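Colleague: Could you take me closely through the nonpolar interior of this model? In particular, which residues have the most contacts inside the largest nonpolar core, and which elements give two or more residues to this core?

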Amino acid sequence: MDFQNRAGSKPGSGGVASSQNEAIERRERLRKLALETIDIQKDPYFMRNHLGQYECKLCLTLHMNEGNYLAHTQGKRHQYNLGRRAAQDAKDTVMPVPMAKPKAPVRKTVKIGRPGYRVTKQRDPETNARSLVFQIDYPDIEEGMQPRHRFMSAYEQRVEAPDPNYQYVIFSAEPYENIAFKIPNKEIDKGDDKFQTYWDHLKLNFTLQLFFKDEPMPPMPQ
């Protein structure tokens with residue numbers, strides 16, 4: 001039979017390749033490609049059964065050797081099933097919903113005005129250091145509450161232009177408005193018996209006594 005003159009053949013060729021030969025060549029190309037790109041030991045769908053055959057757990061197919069299995073992984077069926085599995089996994093994935101942090105309830109207290117107070121200027125009889133005594137009356141303070149105080153620099157407040165020569169001491173207790181006193185911006189002596197606070201829960205009176213360290217001081221504002 002003259003294979004060279006058959007339809008579709010080219011001069012010098014061995015004739016038209018059969019579809020079987022084409023399939024064999026295609027599987028060989030796919031196998032070589034898979035060998036270069038796939039680590040079969042890390043393939044989650046690869047399994048070797050007790051008969052020595054190779055199974056694809058994704059497509060439920062049997063293969064006689066690794067090369068045949070690797071060629072299968074590059075085929076349309078396996079690639080199609082990979083796409084389906086990826087879509088199903090994405091659908092089944094439960095995305096965590098961020099929970100809103102509970103907001104602390106805003107405390108709303110009706111203020112009843114400023115408390116009564118007395119400020120006394122003193123001097124230490126031994127060191128001549130200047131001292132201030134603050135006595136704040138809280139007759140209607142909320143039950144179980146104790147007054148608080150803190151010091152604030154002139155640059156924290158927004159009531160008047162900052163003056164670096166002074167600082168503020170602030171007292172607070174619900175339901176009263178906060179009150180602040182402008183005092184010299186000098187170092188306060190925190191030594192023993194030099195800085196004291198006392199809350200008289202019977203008379204509902206809060207006392208704070210402080211001493212400035214011994215150095216020249218600007219006068220107290222009037």
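Modeller: The answer begins with the core and then follows its strands outwards to a loop and a pocket.

The model is predicted, so local features are reported only at pLDDT of at least 70 and side-chain atom pairs only at pLDDT 80 or more, whereas totals for chains, interfaces and linings use all residues. Residues are numbered from 1 along each chain as its sequence is written, and side-chain values use heavy atoms, with hydrogens and water left out.

A nonpolar core is here a set of buried Ala, Val, Leu, Ile, Met, Phe, Trp, Tyr and Cys residues joined through side-chain atoms within 4.5 Å; buried means under 20% relative accessible area with a 1.4 Å probe, protein chains only. The largest such core comprises 18 residues, and those with the most contacts inside it are Phe134, Ile136, Tyr138, Phe171, Phe181, Ile183 and Leu210. Two or more residues come from each of β5 (130-137), β7, β8 and β11 (205-212), strands being DSSP runs of E with at least two residues, numbered from the N terminus. With four residues, β11 gives the most to this core. Apart from it lies another core, of nine residues, including Ile40, Phe46, Cys56 and Cys59.

Within the largest core, Tyr138 merits attention. Beyond its neighbours within four places in sequence, Tyr138 is in contact (heavy atoms within 4.5 Å) with Pro115, Pro147, Phe171, Ser172, Ala173, Tyr176, Trp199, Leu204 and Phe206.

Leu210, another residue of the core, is touched by Lys194, as are Asp124, Thr127, Asp189, Gln209 and Phe211, not counting residues up to four places away in sequence. Lys194 sits in the loop between β9 (188-189) and β10 (195-200). Its C-alpha is 8.7 Å from that of Phe212, although 18 residues separate the two in sequence.

β7 and β8 also serve the second largest pocket, as the elements that give two or more residues to its lining. A pocket is an open set of points on a 1 Å grid over the protein atoms alone, where a 1.4 Å probe fits, with protein on both sides within 12 Å along at least five of seven lines; lining residues have an atom within 4 Å of a point. The lining consists of Met152, Gln157, Val159, Glu160, Tyr168, Ile170, Asn178, Ile179, Ala180 and Lys182, and β8 gives the most to it, with three residues.

Terms used: Buried < 20%, exposed > 50% of the residue type's maximum accessible area, 1.4 Å probe, protein only.
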